[in-house]
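Here are my notes after going through the model you sent. I've kept them as numbered points so you can reply to each in turn.

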Amino acid sequence: MKRVSLGGLEVSRIGLGAMSMSAYYTGAGTDEAESVRAIHRALELGVTHIDTAEVYGPYTNEELVGRAVKGRREQVVLATKFGGGISHTGREGVGLDSSPANIRLAVEGSLKRLGTDHIDLYYQHRVDPNTPIEETVGALAELVAEGKVRHIGLSEAGPETIRRAHAVHPVAALQTEYSLWTRDVEEELLPLLRELGIGLVPYSPLGHGFLTGALRSLDGLAADDWRRGNPRFTGENLGRNLRIVDEVEAVAAEADATPAQIALAWLLAQGEDIAPIPGTKRVSRVEENSAADGIELTAEQIARLNDLPAAHGDRHDEIGMAVIDR
């Protein structure tokens with residue numbers, strides 16, 4: 001698999017998001033053995049970039065990833081996150097605690113659960129409005145100096161925050177949602193990242209599974225699947241958004257590929273500084289997604305995909321939208 005640079009950190013062009021192995025999309029439950037096999041298969045296919053977070057589970061996803069990469073640590077670029085809903089300092093509220101004290105406690109826990117002495121890419125999961133970003137990045141810079149963290153990242157941060165953070169210590173990557181149905185990043189964020197030399201890690205590059213074409217109604221979703229409350233999957237928006245999938249499927253038929261592969265190939269065509277992390281817990285999906293690295297879309301196909309209509313509905317519910325782009 002081809003490699004790209006995220007602010008100086010070399011990763012496989014397609015990574016693996018591990019969240020669904022432990023949280024949010026689990027439905028009837030988890031299958032740890034299959035999840036471990038999926039991670040091992042990803043490594044066999046040249047995927048090096050594995051993404052997790054302390055809040056996934058919470059904690060259990062980091063533990064699973066740690067078990068899966070044991071004995072294979074040199075093959076893996078491990079990325080994890082702090083401050084996404086957990087406060088180790090007892091701060092009241094939603095847990096967006098990015099205080100230096102919390103970071104110290106969080107990183108030690110992540111290192112233990114992952115079974116490693118360093119984290120390759122350590123993200124602030126969501127911007128903490130109660131801690132200046134300069135303090136947060138200063139604490140992360142200390143961890144870099146100590147060797148516990150190799151590179152730092154931000155997730156769902158706004159342009160001003162990115163500039164302020166990068167002025168304190170180089171930011172290697174921004175993680176945010178980017179796909180054929182979420183293209184907000186193109187207006188302001190992507191030009192800024194390229195100005196500063198920061199890589200982009202798109203999460204949910206398959207639109208939470210929507211762009212695979214396998215989800216045309218909510219009937220197959222578990223009762224506790226969070227997508228049941230996502231604006232793009234509810235009411236009239238679901239039917240309207242199927243128009244996007246229909247065109248992706250049409251291009252896939254032409255290219256002898258799957259819709260998921262087309263959605264990923266389109267993302268890869270947007271630049272050499274973009275490294276999506278499609279999430280899955282199945283070996284078959286790892287194989288399917290990884291194969292997108294070898295698909296070259298024609299200029300006409302890219303143009304057709306570029307012209308797709310914007311998705312109907314916000315990409316998160318009201319609570320989720322309130323903590324992004326700060």
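1. Is Glu54 buried or exposed? Bear in mind that we're looking at a predicted model. Glu54 comes out as buried, with a relative accessible area of 0%. The acid has a partner, though: a salt bridge runs from Glu54 to Arg113, with 3.9 Å between the closest N and O atoms. The two ends come from distant parts of the chain, 59 residues apart, with Glu54 in the loop between strand E4 (49–51) and helix H2 (60–69) and Arg113 in helix H3 (residues 100–114). Arg113 counts as buried too, because its relative accessibility is 17% and the cut-off is under 20%.

2. That pair belongs to a longer list, since the search of the whole structure turns up 29 salt bridges. One of them joins Arg227 to Asp225, the closest N and O atoms being 2.8 Å apart. Here again both partners, Arg227 and Asp225, are buried.

3. Helix H9 is worth a look for its own pair. Glu288 and Arg285 form a salt bridge whose closest N and O atoms are 2.7 Å apart. Both sit in helix H9 (residues 283–290), three residues apart, or about one turn of the helix. An α-helix has 3.6 residues a turn, so residues three or four places apart point the same way. Still, the burial classes of the two partners are not alike: Glu288 counts as buried at 14% relative accessibility, while Arg285, at 41%, counts as partly exposed. Elsewhere, salt bridges with shared partners tie Glu247, Glu254, Glu300 and Arg304 into one network.

4. Staying with H9, which of its residues are buried? They are Val283, Val286, Glu288, Asn289 and Ser290. The cover over the buried residues of H9 includes strand E3 (16–17), helix H1 (32–44) and H8.

5. H9 also comes up in the cavity search. The structure holds one cavity of 30 Å³ or more, and the largest cavity has a volume of about 60 Å³. Its lining is made up of Ile14, Gly15, Leu16, Ala42, Val47, Pro278, Thr280, Val286, Asn289 and Ser290. H9 gives the most to that lining, with three residues.

6. Next, please check Glu177, in strand E8 (residues 171–177). Glu177 is buried, with a relative accessible area of 2%. What do the side chains of Thr182 and Arg315 do for Glu177? Each makes a polar contact with the Glu177 side chain, at 3.3 Å for Thr182 and 3.4 Å for Arg315. Leaving aside neighbours within four places in sequence, the contacts of Glu177 are Glu156, Thr182, Tyr203, Ser204, His208, Arg315 and His316.

7. On to the nonpolar interior. The largest nonpolar core has 81 residues, and Tyr122, Ile162 and Leu305 have the most contacts inside it. Helix H8 (residues 259–268) gives the most to this core, with eight residues. Take Leu305 as a way in: beyond its neighbours within four places in sequence, Leu305 is in contact with Leu180, Arg183, Val248, Val251, Ile262, Trp266 and Leu297. Apart from the largest core lies another, of 14 residues, including Val77, Ala79, Ala172 and Val201.

8. Leu193, in helix H6 (residues 189–196), is buried, with a relative accessible area of 0%. Setting aside residues within four places in sequence, Leu193 is in contact with Ile162, Leu174, Ile198, Gly199 and Leu200. Ile162 was named above as one of the residues with the most contacts inside the largest core. If you want a long-range distance to check, the C-alpha atoms of Leu193 and Val65 are separated by 29 Å, with their positions 128 residues apart along the chain.

9. Last, a glycine. Gly158 lies in the loop between strand E7 (149–155) and helix H5 (159–168). Gly158 is buried, with a relative accessible area of 2%. What does Gly158 touch, not counting residues up to four places away in sequence? The answer is Leu189, Asp325 and Arg326. For Gly158 and Val127, which are 31 residues apart along the chain, the C-alpha atoms are separated by 8.9 Å.

Conventions
Residues are numbered from 1 along each chain as its sequence is written. This is a predicted model: local features need pLDDT of at least 70, side-chain atom pairs count only at pLDDT 80 or more; totals for chains, interfaces and linings use all residues. Side-chain values use heavy atoms; hydrogens and water are left out. A salt bridge is a side-chain nitrogen of Lys or Arg within 4 Å of a carboxyl oxygen of Asp or Glu. Helices (H or I, at least four residues) and strands (E, at least two) are DSSP runs, numbered from the N terminus. Buried means under 20% relative accessible area, exposed over 50%, partly exposed in between (1.4 Å probe, protein chains only). A polar contact is a pair of N or O atoms within 3.5 Å; within protein, one must be able to donate a hydrogen and the other to accept it, and residues adjacent in sequence count only if both atoms are side-chain atoms. Contact means heavy atoms within 4.5 Å. A nonpolar core is a set of buried Ala, Val, Leu, Ile, Met, Phe, Trp, Tyr and Cys residues joined through side-chain atoms within 4.5 Å. On a 1 Å grid over the protein atoms alone, a cavity is a set of points where a 1.4 Å probe fits but cannot get out, and a pocket is an open set with protein on both sides within 12 Å along at least five of seven lines; lining residues have an atom within 4 Å of a point. Grid points are joined across faces, edges and corners, and a volume is the space filled by probe spheres set on the points.
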